[in-house]
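Trainee: Could we go through this model together, asking of each label what stands behind it?
Mentor: Gladly; let us look first and then argue from the values.

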Amino acid sequence: HALVATIAETLDHWLGVWADGAGFRAVRDAWTARAGQLGEPLSVKTADGPVAGRFAGLDESGALLLLDANGQTRAFTYGDVLLGADGAATT
């Protein structure tokens, strides 16, 4: 029960931040501050297969940004994310 209470309190806090006028930008900034380092290798498993690259942040809508091997920044709103060199090597 303690874990569920903690999750509920945390969710309530961030929904409050959003609703109090700070909006998604404040939530995104807090998430980014706790995320991995820019340039960290990762891959995203999608319905079309895995896509490897390097973490490039989050866009304004919250999509994960990945810099792929071709130098293109791709946005993902779905998929399983694998962190580290092992995850990026799956393509």
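**Labels and their grounds**

Trainee: Which residues is valine 44 in contact with, leaving aside its neighbours within four places in sequence?
Mentor: In this predicted model, valine 44 is in contact with Gly49, Pro50, Val51, Leu64, Leu66, Phe76, Tyr78, Gly79, Asp80 and Val81, where contact requires heavy atoms within 4.5 Å.

Trainee: What makes the largest nonpolar core a core, and which residues form it?
Mentor: Its members must be buried, with side-chain atoms within 4.5 Å joining them, and the eight residues that form the largest one are Ala35, Leu42, Val44, Val51, Phe55, Leu64, Leu66 and Phe76. The elements giving two or more residues to this core are β1, β2 and β3.

Trainee: Why is glutamine 72 called partly exposed?
Mentor: Its relative accessibility is 48%, and since buried means under 20% and exposed over 50%, glutamine 72 falls in between and counts as partly exposed. Glutamine 72 lies in the loop between β3 and β4 and, not counting residues up to four places away in sequence, touches Leu66 and Leu67.

Trainee: How do you know that β2 and β3 pair?
Mentor: Pairing asks for at least two bridges, and five bridges join these antiparallel strands, so the criterion is met. Within β3, leucine 65 is the bridge partner of glycine 57.

Trainee: What makes β4 and β5 the edges of the sheet?
Mentor: The five strands form an open, antiparallel sheet in the order β4-β3-β2-β1-β5. Each of β4 and β5 has a single partner strand, so one side of each is left without a neighbour in the sheet.

Technical notes:
Residues are numbered from 1 along each chain as its sequence is written. This is a predicted model: local features need pLDDT of at least 70, side-chain atom pairs count only at pLDDT 80 or more; totals for chains, interfaces and linings use all residues. Side-chain values use heavy atoms; hydrogens and water are left out. Buried means under 20% relative accessible area, exposed over 50%, partly exposed in between (1.4 Å probe, protein chains only). Helices (H or I, at least four residues) and strands (E, at least two) are DSSP runs, numbered from the N terminus.
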